[in-house]
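Q: Let us read this structure together, feature by feature. Where should we begin?

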Amino acid sequence: MNKPKIVRPEESQPAHALWFDRKKYVTINFMVQKPKDVQVDIQTDKMILCCKNDTDDVYYNELYFYDKVQIYDSRERVYDRTINILLRKIKPDYAWPRLQKDPAKPSWISVDFDNWRDWEHEEDEGKEEYDRYVDMIQEMAVSNKGETPDMGDLSDSD
């Protein structure tokens with residue numbers, strides 16, 4: 001068994017994380033003010049983040065993913081107030097109902113509703129119009145008491 005690359009510091013707390021799901025990626029933003037000494041270890045089934053902020057508070061997050069990710073196509077970027085993690089899903093087009101394998105949600109993980117999209121139904125763009133069309137036809141049938149609308153001069157059986 002490989003020894004973890006990052007060992008949990010004794011005095012540490014988890015950084016608050018916001019996550020959202022897309023077709024091919026899962027994005028996690030760890031909220032850390034002016035992060036430094038950032039270490040990220042992304043594995044196929046889990047990740048570890050360890051860093052400090054501008055006041056030398058130590059953050060440590062370890063999470064087991066809901067599903068597997070491609071480690072070679074996943075990356076992290078450090079910004080002024082966040083550490084952004086982009087995880088490439090091994091199974092694209094498969095929605096993650098939660099970020100972690102464990103259904104018990106830790107208090108430090110929240111859904112990023114500003115970036116959340118119900119992408120599962122994106123490919124059904126034409127479906128909405130179709131559903132509206134079907135509703136309209138059904139409404140017409142009901143308002144005509146189920147009778148077929150009179151097409152009058154459209155009939156070709158003269």
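A: Start with one polar side chain. This is a predicted model. In it, the side chain of Asn-53 reaches the backbone nitrogen of Thr-55 at 3.0 Å.

Q: Which other side chain makes a polar contact with Asn-53?
A: That of Tyr-59, at 3.3 Å.

Q: Where does Asn-53 lie?
A: In the loop between E4 and E5.

Q: Is Asn-53 buried or exposed?
A: Buried means under 20% relative accessible area. Asn-53 has 5% relative accessibility, so it counts as buried.

Q: Which residues does Asn-53 touch, beyond those up to four places away in sequence?
A: Val-32, Gln-33, Lys-34, Lys-36 and Tyr-59. Tyr-59 is thus a contact and also the polar partner of the Asn-53 side chain.

Q: How do I read the sheet around that loop?
A: The general idea comes first. Strands of a sheet pair through backbone hydrogen bonds, either parallel or antiparallel. Here, three strands form an open sheet in the order E3-E4-E5, and the pairing is antiparallel. Strand E3 (36-42) and strand E5 (58-64) each have a single partner strand, so each has one side without a neighbour in the sheet. Ignoring direction, neighbouring strands of this sheet are turned by 5° against each other on average.

Q: How many bridges join E3 to E4?
A: Five, and the two strands run antiparallel. E4 covers residues 46-52. For a register mark, take Val-40: its bridge partner in E4 is Leu-49.

Q: Which strand holds Asp-41, and is Asp-41 buried or exposed?
A: Asp-41 is found in strand E3. Its relative accessibility is 3%, so Asp-41 counts as buried.

Q: What does the Asp-41 side chain make a polar contact with?
A: The side chain of Gln-43, at 2.8 Å. Leaving aside neighbours within four places in sequence, Asp-41 is in contact with Lys-5, Ile-6, Lys-46, Met-47 and Ile-48.

Q: What is the order of the five-strand sheet?
A: E6-E7-E2-E1-E8. This sheet is open, with mixed pairing. Strand E6 (69-78) and strand E8 (109-111) are the edge strands, and each pairs on one side only. The twist averages 20° from one strand to the next.

Q: How do I trace the pairings across that sheet?
A: Take them pair by pair. E2 and E7 run antiparallel and are joined by seven bridges. Within that pair, Phe-30 has Ile-83 in E7 as its bridge partner. E1 and E2 also run antiparallel, with six bridges. There, His-16 has Met-31 in E2 as its bridge partner. A hairpin links E1 to E2 through three residues.

Q: Where does the parallel pairing come in?
A: Between E1 and E8, which are joined by three bridges. Leu-18 stands opposite Ser-110 in E8.

Q: Why is E2 described as largely enclosed?
A: Five of its seven residues are buried, so the rest of the structure largely encloses E2.

Q: How do I read the nonpolar core?
A: Again, the general idea first. In soluble globular proteins, nonpolar side chains tend to be buried together. Here, the largest nonpolar core has 22 residues. Ile-28, Phe-30, Met-47, Leu-63, Ile-85, Leu-87 and Leu-99 touch the most other members. Strand E1 (16-21), strand E2 (25-31), E4, E5 and strand E7 (82-89) each give two or more residues to this core.

Q: What does Phe-30 touch, not counting residues up to four places away in sequence?
A: Its contacts include Ala-15, His-16 and Ala-17. Met-47, Leu-49, Asn-61 and Leu-63 are also among them. So are Arg-81, Thr-82, Ile-83, Ile-85 and Trp-108.

Q: How many helices and strands does the whole protein have?
A: One helix and eight strands. Along the sequence, the pattern is β-β-β-β-β-β-β-β-α.

Q: What do the totals for the protein look like?
A: The protein has 158 residues, and 30% of them count as buried. Its accessible surface comes to about 11,000 Å², with 49% belonging to carbon and sulfur atoms. Now take contacts between residues at least 6 apart in sequence: 61% of them join residues at least 24 apart.

How values were computed: Residues numbered from 1 in each chain as written. Predicted model: local features only at pLDDT ≥ 70, side-chain atom pairs only at ≥ 80, totals over all residues. Heavy atoms only, no water. Pairing = 2+ DSSP bridges. Helix = DSSP H or I, 4+ residues; strand = E, 2+ residues; numbered from the N terminus. Axes fitted to C-alpha atoms, helices over the stretch in contact; angles between N-to-C directions. Core = buried A, V, L, I, M, F, W, Y, C linked by side-chain atoms within 4.5 Å. Buried < 20%, exposed > 50% of the residue type's maximum accessible area, 1.4 Å probe, protein only. Contact = heavy atoms within 4.5 Å. Areas by Shrake-Rupley, 256 points an atom, 1.4 Å probe, with all protein chains shown as cover. Polar contact = N/O pair within 3.5 Å; in protein donor to acceptor, adjacent residues only side chain to side chain.
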